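User: I'd like to go through this model with you. Can we keep it short?
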Number of protein chains: 2
Amino acid sequence: MMRRKTNQRAAIQEVFRDNDRPLSVEEVLQAGRKAVETLNQATVYRNLKMLTEEGWLKKINTPELGVLYEVAGKKHHHHFQCRSCDRVYEVEGCAFADDRRSLCGLPPGFVAESHEIFLFGICASCRLSA
Amino acid sequence: MMRRKTNQRAAIQEVFRDNDRPLSVEEVLQAGRKAVETLNQATVYRNLKMLTEEGWLKKINTPELGVLYEVAGKKHHHHFQCRSCDRVYEVEGCAFADDRRSLCGLPPGFVAESHEIFLFGICASCRLSA
DNA sequence: AGGATATTGCAAGCGGCTTGCGAGTCGTCG
DNA sequence: CGACGACTCGCAAGCCGCTTGCAATATCCT
């Protein structure tokens, strides 16, 4: 099964390059239609899935906004959701750096292998415009 | 609008008291039917919503298992999901204790107000039985 | 250019959750 | 204690986000 190049898929990838943050399916659909105005929802879903399986995208489950997708391959990071504009940003740094593994006191016998951290607050642009 | 006592709601609350961990709607439904065998899905959804609005329950959005509910009012804690049995546990302790607020390096202008941490690994009972 | 087939758009389908409705249960008041 | 009003329940239909079957279209290879 050979992968073909289509305007739809190219448009979707372009949307992610233009917006350097996790995006919802709806955002991808709307932004993608600026390039391919017939772009269909099913096509977006199918391509997001394809790009994720192929490792180009990464699916994120957010606590409040449902599923978002971000470009994969970035270094370990977490997410920040602005409670004003609801945009989600990627933030570097990690409270569980190697020397802090034990910070979260797990009960005896439990072993943690990975983690996800979600921060909530106000982003810089919302704070300035308030 | 006066709240009435019903066997259904009592059964649902009992399920949470019997299992001291976050539960899915389906788990509540199945376990609740042991006490009220006619218990209906819609009733469970309605009561979980009611109990949440009233502050007795808290809704949790997990990255992999969807929505769970836990008894509210506990002190600040996070969650641990066992990748073997998929159960979610509450874990005390927090990598963002007061003296470590700045561990996650937020960009300038960003202000964090709250956070959620989700750990993944192996729980004690799965580790022993392996 | 021509043919094989990946991909798209559309519409139907699916699963989780919600809601309208008539029946049933709970609590109160006479 | 019995009856009425209102909250709840169970059921079925509905809604929403996502997936899938299918015919038409676009790509790619020769």
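User: Through what do the copies meet?
Analyst: The copies meet through the same surface, because 100% of the interface residues of chain B are also interface residues in chain A. Contact here means C-beta atoms, placed from the backbone, within 7 Å. This is a predicted model: local features need pLDDT of at least 70, side-chain atom pairs count only at pLDDT 80 or more, and totals for chains, interfaces and linings use all residues. Residues are numbered from 1 along each chain as its sequence is written, with chains lettered from A and ligands numbered from 1 in the order in which they are written.

User: What turn lays chain B on chain A?
Analyst: A turn of 180°, with a shift of 0.0 Å along the axis and an RMSD of 0.0 Å. That is the relation of a two-fold axis. The fit is least squares on C-alpha atoms of residues with pLDDT of at least 70 in both copies.

User: Which residue of chain B comes closest to the rotation axis?
Analyst: Ile117(B), at 2.3 Å by its C-alpha.

User: Now the DNA. How many residues surround strand D?
Analyst: 26 (near means a C-beta atom, placed from the backbone, within 6 Å). The closest are Lys5(A), Ala42(A), Gln8(B), Asn40(B) and Thr43(B).

User: Which elements each supply at least two residues there?
Analyst: α3 (41–53) and β3 (66–71) of chain A, plus α1 (7–18) and α3 (41–53) of chain B. These are DSSP runs: helices are H or I, at least four residues, and strands are E, at least two, numbered from the N terminus.

User: And which residues are closest to DNA strand C?
Analyst: Gln8(A), Asn40(A), Thr43(A), Ala42(B) and Tyr45(B). 26 residues surround strand C.

Technical notes
Contact = placed C-beta atoms within 7 Å.
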